[in-house]
Amino acid sequence: MSSGAAEPLVHIQDFRMDFGDTTVIRDLSFDVHVGETFGFLGSNGSGKTTTLRALLGIYRPTAGILHVGGKVFEPSDGSRLGYLPEERGLYKKEHVLDVMVYFGRLKGLSKTAARSWSETYLERVGLADKAKARLDKLSSGQQQKIQLGVTIMNNPELLILDEPTKGFDPVNRRLLMDIIEEHKRAGATVIMVTHQMEEVERLCDRVILLKDGVSRAYGTVEDVQEEFGGTVYRVTYDGVLPLSSLFDVVSDDDGRAELAPLQGASEEKVLRELVEAGAGIRSFTPARISLDEIFIKVYGEQHELAEG
Ligand SMILES: Nc1ncnc2c1ncn2[C@@H]1O[C@H](COP(=O)(O)OP(=O)(O)OP(=O)(O)O)[C@@H](O)[C@H]1O
């Protein structure tokens, strides 16, 4: 899976995927570079899992180039890959530690190394007391922790994680994000499908946003924020917000509003307008537009790009 210095580790160009008469991905192109954490974002059914499956050879693409390390991925390249698929499932009637050691051996670790790694991991994720339990006696979140462990245990150079924290409570989500971040810091390239925008803002260097199988934004988180308006003003107020040609009201709830400036209206102009209109401003804070807001802007639109 080695890759030249300037060559992206993952290269997808003009990817198209049809299922029967239906096109679910069209003209999709993006690269993922060595060492970056890449957020693969999009609403339900926008084509994220399909793209990952095509990249890993599970689906045959209708058209386009999908390369890992400069060539089409083959199962024999898998020793440096950690893939957490969307559909989870391990050998549920087996015991936790046995399953982990089994997968560790498949990934080329010695039995001792796999056992020692697994015991340390179980301790870390609060499941040391479940080492001898059957997998199907664990909660779904606990089973997911085991599956993530199996995915990362050989320190893969490329980690592909399809919704790694789906179904986790906030404490466990943070723990899992810490673990993923450690792999990122150790130099792993990470492709992460997630619907949790705070995870993206915390971890991802670059992102792509898919809608109906088409890219709607691609670049660094900052680039994407800039593309969608860059700055917003968060205000708290006691009175009534005026209608204005200087800003759009993005959200307004219980004395808290978010305003998007129009045509580059400056902070001073917007604030003066609010004060002069008697809006009773208590606080006024410029902030970057959040990915959550961008997501709502993109996916709240009509499906004008639908089949056709
Ligand atoms: N094997 C298949 N046969 C036919 N259609 C499929 C198949 N796999 C996926 N699709 C369709 O392709 C589209 C994209 O699905 P995909 O699972 O890639 O979306 P996703 O972005 O991963 O969604 P989610 O966030 O809900 O997991 C959907 O309309 C889905 O119904």
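**Helix packing and strand pairing in the predicted model**

Helix α2 crosses α4 with right-handed geometry. The two helices pack at an angle of about 20°, and their axes lie 9 Å apart. An angle under 35 degrees counts as roughly parallel, and α2 and α4 are therefore roughly parallel to each other. On the α2 side, the contact is made by Val96, Val99, Met100 and Phe103. On the α4 side, Ile146, Gly149 and Val150 take part. The residues of this contact of α2 with α4 comprise six nonpolar, one polar and no charged. The structure described here is a predicted model.

A second partner of α2 is α3. These helices pack at an angle of about 130°, with 8 Å between their axes. That angle makes α2 oblique to α3. The crossing of α2 and α3 is right-handed. From α2, the contact draws on Leu97, Met100, Val101, Gly104 and Arg105. From α3, Lys111, Ala114, Arg115, Trp117 and Ser118 contribute. The residues of the contact of α2 with α3 divide into five nonpolar, two polar and three charged. Met100 appears in the contact with α3 and also in the contact with α4.

Helix α2 covers residues 96-106. Its buried residues are Val96, Leu97, Val99, Met100, Val101, Phe103 and Gly104. They pack against α3, residues 111-124, and α4, residues 140-152. An α-helix has 3.6 residues a turn, so residues three or four places apart point the same way. Val96, Val99, Met100 and Phe103 belong to the contact with α4. Leu97, Met100, Val101 and Gly104 are among the α2 residues in the contact with α3. Just after α2, Gly108 adopts a positive phi of about 95°.

Helix α1 was examined in the same terms. This helix spans residues 48-55 and is mostly covered, with six of its eight residues buried. The buried set consists of Lys48, Thr50, Thr51, Leu52, Ala54 and Leu55. A glycine with positive phi follows here too: Gly57, just after α1, has a phi of about 80°.

The strands come next. One open sheet contains six strands in the order β5-β6-β7-β3-β8-β9. Its pairing is mixed. The edge strands are β5, residues 81-84, and β9, residues 214-220, each of which pairs on one side only. From one strand to the next, the twist averages 10°. Within the order of this sheet, β7 stands beside β3. Strand β3, residues 37-42, runs parallel to β7, and four bridges join the two. Phe38 has Ile191 of β7 as its bridge partner.

The loop between α5 and β7 holds Gly187. Helix α5 covers residues 170-185, and strand β7 covers residues 189-193. Gly187 has 10 C-beta neighbours inside 10 Å and therefore counts as exposed. Gly187 and Thr37 are 150 residues apart in sequence. In space, their C-alpha atoms are 9.8 Å apart.

Strand β10, residues 231-237, pairs with two other strands, β13 and β12. With β13, residues 281-288, the pairing is antiparallel and extends over seven bridges. Thr236 stands opposite Ser283 of β13 in this pairing. With β12, residues 256-261, four bridges are formed, and the strands again run antiparallel. Here Val235 stands opposite Ala257 of β12.

At the level of the whole protein chain, nine helices and 13 strands are present. The chain has 308 residues, of which 35% count as buried. Along its principal axes, the C-alpha trace spans about 75 × 45 × 40 Å. Of the contacts with a separation of 6 or more, 67% are between residues 24 or more positions apart.

How values were computed:
Residues are numbered from 1 along each chain as its sequence is written. This is a predicted model: local features need pLDDT of at least 70, side-chain atom pairs count only at pLDDT 80 or more; totals for chains, interfaces and linings use all residues. A residue is buried if 20 or more other C-beta atoms lie within 10 Å of its own, exposed if 12 or fewer, and partly exposed in between; C-beta atoms are placed from the backbone. Two residues are in contact if their C-beta atoms, placed from the backbone, lie within 7 Å. Two strands pair if DSSP finds at least two bridges between them. Axes are lines fitted to C-alpha atoms, for helices over the stretch in contact, and angles run from 0 to 180 degrees between N-to-C directions. Angles under 35 degrees count as roughly parallel, over 145 as roughly antiparallel, 65 to 115 as roughly perpendicular and the rest as oblique. A crossing is left-handed if the near helix is turned anticlockwise from the far one by less than a right angle, and right-handed if clockwise. Ala, Val, Leu, Ile, Met, Phe, Trp, Tyr, Cys and Pro count as nonpolar, Asp, Glu, Lys and Arg as charged, and the others, Gly among them, as polar.
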